[in-house]
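Me: Please take a close look at one part of this model, the largest pocket, and tell me what lines it and how far the prediction around it can be trusted.

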Amino acid sequence: MAEIAFMLAVFAATSVVSYVLISKVPQRLHTPLMAFTNAISAITILGALLLFADEVSPVESVLGGLALAMAAFNLIGGFAVTDRMTKMFKPQ
């Protein structure tokens, strides 16, 4: 149970740090930032799939499933937003 509490604390801390850092990024750098977060989401998906390869407790299974769903949502949404933003720079 201490491991789960530690993981939740790390998640909360990284969420706060990420929000602070991303809010200070200039608008012209958002496309490269989105590409980078897409790569991080892909790594999160791989980690969640590796978690499911082992025998895990029900709590770990729920947290892994939640991480998998959130990372997949971020990955798909990130690619959609990045595609839309890059189309704005193409000559018509």
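Reply: What follows starts with the pocket and its lining, then turns to the surface, to a charged pair and to confidence.

The model is a predicted one, and its largest pocket has a volume of about 1,200 Å³. Of the 30 residues that line this pocket, F11, T14, T44, A67 and M70 are the closest to its centre. The lining draws on three helices, since α1 (2–23), α2 (30–53) and α3 (58–87) each supply at least two of its residues. In chemical character, the residues of the lining divide into 19 nonpolar, 10 polar and 1 charged.

Two of the residues named above, F11 and M70, return in a nonpolar surface patch of about 540 Å², which they make together with L8, V59, L63 and L66. Helices α1 and α3 each supply at least two residues of this patch, and the largest share, 4 residues, comes from α3; L63, for instance, is found in that helix.

Helix α3 also carries a charged pair, as the side chains of K87 and D83 meet in a salt bridge with an N to O distance of 3.4 Å. K87 and D83 are 4 residues apart in helix α3, and are therefore separated by about one helical turn. The structure holds 1 salt bridge, and this pair accounts for it.

As for confidence, the mean pLDDT of the chain is 80, with 96% of its residues at 70 or more. Among the parts of the chain, confidence is highest in α1, at a mean of 86, and lowest in α2, at 76. Helix α2, which supplies at least two residues of the pocket lining, is thus the part to read with the most reserve. Where pLDDT is low, the predicted coordinates should not be read in detail.

Notes. Residues numbered from 1 in each chain as written. Heavy atoms only, no water. 1 Å grid on protein atoms, 1.4 Å probe; cavity = no way out; pocket = protein on both sides within 12 Å on 5 of 7 lines; lining within 4 Å. Points joined across faces, edges and corners; volume = space filled by probe spheres on them. Nonpolar A, V, L, I, M, F, W, Y, C, P; charged D, E, K, R; others polar. pLDDT = per-residue confidence, 0-100. Patch = residues over 30% accessible without salt bridge, like charges linked within 9 Å, V, L, I, M, F, W, Y side chains within 5 Å. Areas by Shrake-Rupley, 256 points an atom, 1.4 Å probe, with all protein chains shown as cover. Salt bridge = Lys/Arg side-chain N within 4 Å of Asp/Glu carboxyl O.
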